[in-house]
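Reader: I'm new to this structure and a bit lost. Could you pick one part, look at it closely, and then show me how the rest is laid out around it?

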Amino acid sequence: MTTLAAPLPSPNLALDQLVAERRAAGETLVHLAFGEARLPVLPQLAEQLAKGAARAAYGPVAGGPGVRTAIAGYFARRRLPTNPDQIVVAPGSKPLLMALQLVVPGDVLLPSPAWNTYAPQAAYAGKQAIGVPVPKECGGVPEPCALRTAITSARAAGRDPRLLVLTLPDNPTGTLAPPDLIREVCALAREKDLVIVSDEIYRDVVHEPAATEFLSPAEVAPERTVITTGLSKTLGLGGWRIGAARFPAGERGRRLRGGVLAAASELWSTLAGPMQHVAEYAFGEPPEIVERLRASARLHGAVARAVHRIAVDAGALCRPPTGAFYIYPDFEPLRPQLAARGVTDSASLARRLLDESGIVVLGGHLLGDDPGALRFKAATSLLYGDEKGQVEALTADDPVRLPHIADQLALTAAGFARLTGRRAPAHHYPEVRR
Ligand SMILES: Cc1ncc(COP(=O)(O)O)c(C=O)c1O
């Protein structure tokens, strides 16, 4: 008889469940463990969903021509001329990422740390996930020298790395790899003949787009880069499950897309018709969508920067966030003080924050990072409160001064400071006394 190891649920979803249960039991928790852009659904999106309700037929696996044309236009406005035949839509980008891992042979190279889903997907696809440390200045992309060494060692050990996943901007570090680094990594991918998957689900959550240069690997290595994206993060529609992929033009792109479509035809058939209707409208970027993207990126930036400051003031090293809604502090400078309190690795660090201060974070060990490091991911997008609070936050001049957000930040500051037996600096959200 064969016994199958029971796979564990994704740790962020498991923690989200834990928070729901403990809150229902009356506990006050600061939830920094789930990367959901919790913002109200834009009314025009709900209208489009209702209008699309009659689209009940299965339709083409890749998605209908309307939605694919709209997505081709979205990419064209981002310096990536695209034919609708290069596009596939799906119920979220997660299944597209899974299908890509099934279709591209060989092993997969991941930045370390990385979003917690890539490595389990690799395991489901029978691949080895090879983690390569990210540079000091940003995450989402492996450090190029370390990447070269990892490929050489893996090949010498009989492994066959053929796929490289990049996250731009990055979950978990909340940073965006700069153009020079993208060029260097793309040159190496070309030299080593790797397929690049550029996960750009946070592309429109760059905090200061006018001051930030976004270079997609698809501009540098167009023949080998597949981009995945979706509306879960940018428009807070995670539960609607709208994702898309853009494949390279040319022979290699056609083969990859054909493989993904074959997998899709057996796994999910197509994106639900009403969601295709929503996607066609949203990727068309009418003014109200552009304005919502601008307002939410600004809010995500303001709150992520506030939490970054709290972490740094508590004594952590932390890359300043520039995109998405995460920070990734490193408490290494406080190792002696933490060790004296029994905190010696990322698991005990996350556990201590929960037990001592009711702060829920995702330890770096769950993201492919060195388990002995004192690092965790803090997602900052669940700090905006209930629907009324979210609406206020989207329009406030200084959202971190809104009492319901300042309250969460004050709890976070107190908890981070308590880790090392200190009090939070008095300047942190003084209007909230705790
Ligand atoms: C980096 C990254 N990629 C992809 C996804 C999946 O998004 P979806 O399947 O909702 O499109 C997430 C969600 O957390 C993410 O953080």
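Author: Let's start at the ligand, follow one strand from there, and then step back to the whole chain.

Before anything else, keep in mind that this is a predicted model. The ligand has 13 residues around it, and the closest are D199, Y202, S232, K233 and R241. What kind of residues are nonpolar, polar and charged in that shell, and how many of each? The split is 4 nonpolar, 5 polar and 4 charged.

Now zoom in on a few atoms. D199 places a polar side-chain atom 2.6 Å from a nitrogen atom of the ligand. With Y202 the partner is an oxygen atom of the ligand, and the distance to an N or O atom in the side chain is 2.7 Å. N171 also faces an oxygen atom of the ligand, with a polar side-chain atom 2.7 Å away. How much of the ligand does the protein bury? On its own the ligand would expose 400 Å², and 94% of that is buried by the protein.

R241 deserves a second look, since it is among the closest residues to the ligand. You'll find R241 in the loop between β7 and β8. Its backbone has a positive phi, near 60°, in a residue that isn't glycine. Is R241 buried, exposed or partly exposed? Its relative accessibility is 30%, so R241 counts as partly exposed, given that this class covers whatever falls between the 20% limit for buried and the 50% limit for exposed.

That loop leads us straight to β7, the strand made of residues 225-230. Why do we say that β7 is largely enclosed by the rest of the structure? Because 6 of its 6 residues are buried. T225, I227 and T229 point to one side of the strand, while V226, T228 and G230 point to the other, and all of them are buried.

What runs alongside β7? One neighbour is β6 (residues 195-199), which lies parallel to β7 and is joined to it by 4 bridges. In this pairing V197 sits opposite V226. D199, which we met at the ligand, belongs to β6 by its number. The other neighbour is β8 (residues 243-246), again joined to β7 by 4 bridges, but running antiparallel. Here T228 faces A245.

Back to N171 for a moment, because its stretch of chain leads to another backbone detail. Nearby in the numbering is P169, and the peptide bond from L168 to P169 is cis, with omega near -15°. P169 is in the loop between β5 (161-167) and α7 (179-191). There's another cis bond from S112 to P113, with omega near 5°. P113 is in the loop between β3 (107-112) and α5 (118-124).

R241 has company too when it comes to positive phi. R79 has a phi near 65°, also a positive value in a residue other than glycine. You'll find R79 in the loop between α3 (65-76) and β2 (87-90).

Let's step further out. Another sheet is built from 3 strands in the order β9-β12-β11, and this open sheet has antiparallel pairing. The edges are held by β9 (326-327) and β11 (362-363), each with a single partner strand, so each has one side without a neighbour in the sheet. The pairing of β9 with β12 (residues 376-379) consists of 2 bridges, and Y326 is the residue opposite A379.

One more stop is G273, which is in helix α10 (residues 273-283). This glycine is buried, with a relative accessible area of 12%. G273 and Y58 are 215 residues apart in sequence, yet their C-alpha atoms are 7.3 Å apart in space.

And the whole chain? It has 15 helices and 12 strands. Its radius of gyration is 21 Å, close to the 22 Å that the globule rule gives for 434 residues, so the chain is as compact as a globular protein of that length. Along its principal axes the C-alpha trace spans about 60 × 55 × 55 Å. Of the 434 residues, 57% are buried.

How values were computed: Residues are numbered from 1 along each chain as its sequence is written. This is a predicted model: local features need pLDDT of at least 70, side-chain atom pairs count only at pLDDT 80 or more; totals for chains, interfaces and linings use all residues. Side-chain values use heavy atoms; hydrogens and water are left out. A residue is near a molecule or strand if one of its heavy atoms lies within 4 Å of it. A polar contact is a pair of N or O atoms within 3.5 Å; within protein, one must be able to donate a hydrogen and the other to accept it, and residues adjacent in sequence count only if both atoms are side-chain atoms. Accessible areas come from the Shrake-Rupley method with a 1.4 Å probe; for residues, only the protein chains shown count as cover. Ala, Val, Leu, Ile, Met, Phe, Trp, Tyr, Cys and Pro count as nonpolar, Asp, Glu, Lys and Arg as charged, and the others, Gly among them, as polar. Buried means under 20% relative accessible area, exposed over 50%, partly exposed in between (1.4 Å probe, protein chains only). Two strands pair if DSSP finds at least two bridges between them. The radius of gyration is taken over C-alpha atoms; the globule rule is 2.2 Å times the number of residues to the power 0.38.
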